[in-house]
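Okay, everyone, thanks for coming. I'd like to walk you through a structure that is probably new to you, so let's put it up.

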Amino acid sequence: MVALLRLVKPYWIRVLGIIASSLVVSGSTAAMAGAIKYYIDDVLIKGDAFFMAMLPFAFVGLFIAKGVFMFFQTYLSRATGLKIIRDIRTRLYNHIVSMPLGFFHKNPSGSLISRLLNDAQNLQGNLIDIAKGIFVEGFTVIALLGVAFWRRWDLALITIVVLPVSFYGVRRLVKRIKSVARGSQVRISNLTDVMTETFGAMKIIKAFLLEGERKSAFEDENRNHYRLEMKSGRLSAFVSLLMDVVAGAGIGFIIWYGGYLASHGQMTPGDFTSYIAATMLVFTPMKRLAEVQAKVYQAMAAYERIIGVLNQPQEQFGTIELPQIRKRIEFDNVRLRYEGVENDALGGVSLSVRYGEMIAFVGQSGAGKTSLVDLIPRFFRPTSGRILIDGQDTTEATLSSLRRQIGLVSQEIILFDDTVANNIAMGRPGASRDEIIAAAKAANAHDFIIELPGGYETRIGERGVMLSGGQRQRISIARALLKNPPILILDEATSALDTASEIAVQSALENLMENRTTFVIAHRLSTVRRADRIVVMERGKIIESGTHDELIARGGAYAGLHRVQLR
Ligand SMILES: Nc1ncnc2c1ncn2[C@@H]1O[C@H](COP(=O)(O)OP(=O)(O)OP(=O)(O)O)[C@@H](O)[C@H]1O
Ligand SMILES: [Mg+2]
């Protein structure tokens with residue numbers, strides 16, 4: 001609750017406007033109930049000319065005032081709700097983007113999307129309802145009860161005895177709605193998870209005939225969601241029903257007692273009608289007021305889930321501006337264990353790489369090659385040990401001074417649904433067309449790009465689906481080359497190329513490797529042959545290192561791999 005108030009705080013001027021308009025709206029409603037007395041006692045019974053002339057205008061005025069201020073109230077609360085949600089969405093999105101990579105392994109994109117879309121939407125809808133409930137309905141209830149008390153306090157007292165009873169029943173139901181509401185939000189994110197996973201993997205789904213399975217996975221989640229929504233719907237409908245029953249009984253009694261008082265001359269018909277009008281009018285707002293609690297719970301549930309993400313720490317970086325690398329990168333006894341995994345992915349790796357060196361990593365799948373190079377840009381924090389650039393622990397370096405120096409062609413090629421030129425230019429925003437073309441040429445990509453229907457302006461579809469695997473790879477190499485970083489990481493960067501293209505890209509890369517440190521991961525040993533040093537990894541450890549010739553002469557693991565590949 002306090003958290004929700006804090007959320008609204010920056011908009012307090014608008015909230016004051018909402019409160020002021022609500023006061024006018026509820027004041028007009030109460031005034032109408034009050035004015036009925038004069039209509040009955042003075043106009044209908046006594047035939048008073050002044051009231052007869054004035055009351056119609058008074059009613060018209062009251063209706064107009066109510067309508068106009070209701071408009072302001074609705075407009076202001078909607079605008080405020082939308083602003084709050086716009087701000088919280090931006091905050092949440094920005095926060096998520098700055099989370100460490102491990103966060104995205106734990107949180108499927110479906111649930112993150114659900115936080116951003118559904119929870120934010122729910123929060124907004126509920127905040128608007130809450131504002132209306134508390135201010136408009138709340139004030140109206142108070143004002144109408146005031147009129148009722150003024151007309152006939154003993155009857156009014158009976159009315160408000162009925163209320164606590166109904167509130168008690170409602171409160172218990174609301175508690176259950178709260179837990180059901182949590183559940184249905186969880187389910188909608190399960191639904192988005194199934195969808196994002198399915199749509200992102202259509203090729204495999206079709207190849208392995210998994211359509212049926214994906215359909216039933218979706219159906220199951222969809223059914224669960226339906227059930228929970230129904231349950232929540234039933235409960236809220238039941239709350240309304242309960243309130244109506246209680247209200248009906250109360251009103252029956254009041255009509256009987258009021259009739260008794262009026263017929264015994266203890267009350268004027270105007271007083272009684274005005275009292276009845278106030279009491280009848282009070283029930284709808286009261287019912288809505290009772291629903292506010294459920295809305296508050298729903299809003300809080302949505303807000304808690306949003307805050308749950310916002311409270312998770314972002315990528316941690318230091319404050320030291322790392323100067324451009326000049327001497328070496330050192331791994332100092334680095335261990336890495338991914339969260340929630342039993343075994344170390346890297347078990348104490350020490351390695352010193354000279355500036356300008358081309359170092360290659362080979363080894364079985366799962367040996368820890370990607371894990372090792374991922375530590376250089378600090379995608380993950382080592383569980384222990386340090387990574388030093390020119391003697392400076394990279395933990396203390398700022399994010400930009402470190403990553404600015406690194407170019408990466410990752411194992412899974414990542415392209416955006418944009419033009420070829422823009423995908424390459426991501427390496428260095430603001431690069432000229434000539435520079436883009438030069439990078440594409442170096443990556444042996446220029447020739448195929450100019451044959452695309454739109455040349456460099458061709459859009460390549462989501463994740464680059466309109467290109468072949470090798471074409472995608474060359475674009476991502478061009479992107480890394482355009483950045484022209486002193487440290488270049490190529491994780492299986494040429495694995496999808498045919499031998500001829502690979503040799504072409506390879507020789508281009510070799511020219512570019514002058515004056516930079518290059519980490520190359522490759523399964524194809526022909527790729528790594530010319531490296532200054534080859535490091536062989538196994539189960540998270542370095543088991544051999546040396547030049548190609550040295551390792552062959554040694555007759556160890558590398559020589560074994562070499563023999564197998566020659567066959
Ligand atoms: N995000 C992750 N969470 C948990 N475990 C992981 C994660 N990424 C990798 N691993 C594990 O760490 C180990 C090393 O993986 P890594 O990706 O570094 O291997 P690799 O040598 O690059 O293999 P490949 O040649 O197949 O790319 C593997 O056992 C893998 O299961
Ligand atoms: Mg790998």
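Let me start with a question: does Lys37 count as buried or exposed? Keep in mind that what you see is a predicted model. And the answer is that Lys37 counts as buried, at 16% relative accessibility. The cut-off for buried is under 20%, so Lys37 with its 16% falls on the buried side.

Now, who is Lys37 with? Its side chain meets that of Asp41 in a salt bridge, 3.1 Å from N to O. Asp41 counts as buried too, at 10% relative accessibility. Both belong to helix H2, and since they are 4 residues apart there, about one helical turn separates them. There is a third partner as well: Lys37, Asp41 and Asp271 are linked in a network of salt bridges.

A word of background here. Side chains of opposite charge can pair when their charged atoms come close. How many salt bridges does the count come to? The count is 24, and I'll pick out a couple more.

Take Lys106 and Glu339. Their side chains meet in a salt bridge at 3.0 Å, N to O. This pair links distant parts of the chain, with Lys106 in helix H4, residues 101–106, and Glu339 in the loop between E1 and E2, 233 residues apart. As for Glu339, this residue counts as exposed, at 65% relative accessibility.

Then there's Glu197 with Arg214, a salt bridge at 3.3 Å, N to O. Glu197 sits in helix H6, residues 153–199, and Arg214 in helix H8, residues 211–263, so this bridge ties together parts that are 17 residues apart in sequence. Glu197 is exposed, with a relative accessible area of 53%.

Okay, on to the rings. A pair of aromatic rings is described by the distance of the centres and the angle of the planes. The count here comes to 14 aromatic pairs. One of them is Tyr38 with Phe51: the ring centres are 5.6 Å apart and the planes are at 5°, so we call this pair stacked. Tyr38 lies in helix H2, residues 12–45, and Phe51 in helix H3, residues 49–97, so the two rings tie together parts that are 13 residues apart in sequence. Tyr38 is partly exposed, at 26% relative accessible area, and Phe51 counts as partly exposed at 23%.

Here's another pair to look at: Tyr338 and Phe380. Which way do their rings meet? They are edge-to-face, with 5.2 Å centre to centre and 90° between the planes. Tyr338 is in the loop between strand E1 (328–336) and strand E2 (346–354), while Phe380 is in the loop between helix H10 (369–374) and strand E4 (384–389), so the pair ties together parts that are 42 residues apart in sequence. Phe380 is buried, with a relative accessible area of 11%, whereas Tyr338 is partly exposed at 26%.

Two quick extras on aromatics. Phe69, Phe71, Phe72 and Tyr75 form one aromatic cluster. And the charged end of Arg151 sits over the ring of Trp150, 4.2 Å from the ring centre.

Let's move to empty space. How many cavities of 30 Å³ or more does the count come to? The count is 1. The largest cavity has a volume of about 60 Å³. Among the residues lining it are Leu490, Glu492, Gln506, Met513, Ile521 and Thr527. By class, that lining has 7 nonpolar, 3 polar and 1 charged residues. Helix H16 (499–513) and strand E8 (517–521) each supply at least two lining residues, and H16 gives the most, with 3.

One last stop, Leu123. You'll find Leu123 in helix H5, residues 109–151. At 0% relative accessibility, Leu123 counts as buried. Which residue would I pair with it on screen? Try Ile306: Leu123 and Ile306 are 183 residues apart in sequence, and 9.6 Å apart in space, C-alpha to C-alpha.

That's my tour. If you want one place to start on your own, go back to the network that links Lys37, Asp41 and Asp271. Thanks, everyone.

Conventions: Residues are numbered from 1 along each chain as its sequence is written. Chains are lettered from A and ligands numbered from 1 in the order in which they are written. This is a predicted model: local features need pLDDT of at least 70, side-chain atom pairs count only at pLDDT 80 or more; totals for chains, interfaces and linings use all residues. Side-chain values use heavy atoms; hydrogens and water are left out. Rings of Phe, Tyr and Trp (its six-membered ring) pair if their centres lie within 6.5 Å; planes under 30 degrees apart count as stacked, over 60 as edge-to-face and the rest as tilted. Buried means under 20% relative accessible area, exposed over 50%, partly exposed in between (1.4 Å probe, protein chains only). A charge sits over a ring if NZ of Lys or CZ of Arg is within 6 Å of the ring centre and within 35 degrees of the ring normal. On a 1 Å grid over the protein atoms alone, a cavity is a set of points where a 1.4 Å probe fits but cannot get out, and a pocket is an open set with protein on both sides within 12 Å along at least five of seven lines; lining residues have an atom within 4 Å of a point. Grid points are joined across faces, edges and corners, and a volume is the space filled by probe spheres set on the points. Ala, Val, Leu, Ile, Met, Phe, Trp, Tyr, Cys and Pro count as nonpolar, Asp, Glu, Lys and Arg as charged, and the others, Gly among them, as polar. A salt bridge is a side-chain nitrogen of Lys or Arg within 4 Å of a carboxyl oxygen of Asp or Glu.
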